[in-house]
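Visitor: I'm new to this structure and a bit lost. Please pick one part, show me what its side chains are up to, and then walk me outwards from there.

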Amino acid sequence: MSTGAWIAVIAIAVALAFGLFRMLSDGRFRGTKELHVPHEVHKPEPHAWDAVSDALGETELGARATLVQFSSAFCAPCRATRRILGEVAEIVPGVVHLEIDAEHHLDLVRRLDILRTPTTLVIDGGGYEIARATGAPRKEQVLSAIPTIDLES
């Protein structure tokens, strides 16, 4: 085989490995760093909801969870994510969906370390970020990331 053929084979292998990685990782919710452990000596981490409400003004925090979606205008997966999160907010009591245009809220994007769109944050009823997904999640993934609480008590 010639040198050019070897380079082509290596480039194809790298592209396939990257595509497989993206396919397996896109849309998966990952837990975030520990946020619920207030220390007596150290101040607790700021609430993710505080950052969102500081940037947007008056917004509604869901009793059970708030699904905060960061989108951009020309992002095709953002439209699918908007539809899925909207459906989940309609069928699960106490869940609110909030979409934020990342291009118009760059300070908030930097503050919450949003690296790409769509990114979805799951914020619990106390305002803490409990999970995060980059890419378009499936409805089952969103439902499994929502905390289970009894809203009747």
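Guide: Let's begin with Glu87, a partly exposed residue whose relative accessible area is 27%. One thing to keep in mind as we go: this is a predicted model. Glu87 has a partner in Lys139, and the two form a salt bridge in which the closest N and O atoms are 2.9 Å apart. That bond spans distant parts of the chain, with Glu87 in helix 3 and Lys139 in helix 5 (residues 139-145), 52 residues apart. Lys139 is partly exposed as well, at a relative accessible area of 29%.

So much for one end of the story; helix 3 has another salt bridge to show you. Its Arg82 meets Glu99 through their side chains, at 2.7 Å from N to O. Because Arg82 belongs to helix 3 and Glu99 to strand 3 (residues 95-101), this pair ties together parts that sit 17 residues apart in sequence. Arg82 has a relative accessible area of 37%, which makes it partly exposed, and Glu99 is also partly exposed, at 31%.

Now for a pair with a different kind of setting. Glu129 and Arg132 join their side chains in a salt bridge of 2.9 Å, N to O. Here both partners are buried: Glu129 has a relative accessible area of 8%, while Arg132 comes in at 18%. Some salt bridges also share partners, and in that way Arg83, Glu87 and Lys139 end up in one network. The full count of salt bridges comes to six.

How far can you trust helix 3, where we started? Helix 3 (residues 76-91) has the highest mean pLDDT among the elements, 94, whereas strand 1 (residues 29-31) has the lowest, 68. Across the protein the mean is 83, with 86% of residues reaching 70 or more. The stretch to treat with care is residues 33-44, where pLDDT stays under 50 and the model has nine contacts beyond four places in sequence. Where pLDDT is low, predicted coordinates should not be read in detail.

Next, look inward. Thr120 sits in strand 4, and Thr120 is buried, with a relative accessible area of 0%. If you leave aside neighbours within four places in sequence, its contacts are Phe29, Val68, Gln69, Thr81, Leu85, Ala131, Arg132 and Ala133. You'll recognise Arg132 in that list; it is the salt-bridge partner of Glu129 from a moment ago.

Helix 2 (residues 48-56) gives you another view of the inside. Its buried residues are Ala48, Trp49, Ala51 and Val52. Looking down the axis of helix 2, those residues fall within an arc of 160°, so they line one face of the helix. The general reason is simple: an α-helix has 3.6 residues a turn, so residues three or four places apart point the same way. What covers the buried residues of helix 2 includes strand 2 (65-71), strand 3, helix 4 (106-111), strand 4 (119-124) and strand 5 (129-134). Right after helix 2 comes Gly57, with a positive phi of about 85°.

Carry on along the chain and you reach Arg64, in the loop between helix 2 and strand 2. Arg64 is buried, with a relative accessible area of 15%. The C-alpha atoms of Arg64 and Ile146 are 7.7 Å from each other, although the two residues are 82 residues apart along the chain.

Step back now and take in the whole chain. There are five helices and five strands, and from the N terminus they run α-β-α-β-α-β-α-β-β-α. At the start, an unreviewed UniProt entry places a "transmembrane region" at residues 6-24. In the model that span is 100% helix and 0% strand, with its end C-alpha atoms 27 Å apart.

Of the 153 residues in the protein, 37% are buried. Among contacts with a separation of 6 or more, 73% are between residues 24 or more positions apart; the salt bridge of Glu87 and Lys139, whose partners are 52 residues apart, is a link between distant parts of the chain too. As for the outside, the accessible surface comes to about 9500 Å², and carbon and sulfur atoms account for 58% of it.

Key: Residues numbered from 1 in each chain as written. Predicted model: local features only at pLDDT ≥ 70, side-chain atom pairs only at ≥ 80, totals over all residues. Heavy atoms only, no water. UniProt positions renumbered as here; feature names shortened; annotations may be inferred. Helix = DSSP H or I, 4+ residues; strand = E, 2+ residues; numbered from the N terminus. pLDDT = per-residue confidence, 0-100. Contact = heavy atoms within 4.5 Å. Salt bridge = Lys/Arg side-chain N within 4 Å of Asp/Glu carboxyl O. Buried < 20%, exposed > 50% of the residue type's maximum accessible area, 1.4 Å probe, protein only. Arc of directions from axis to C-beta. Areas by Shrake-Rupley, 256 points an atom, 1.4 Å probe, with all protein chains shown as cover.
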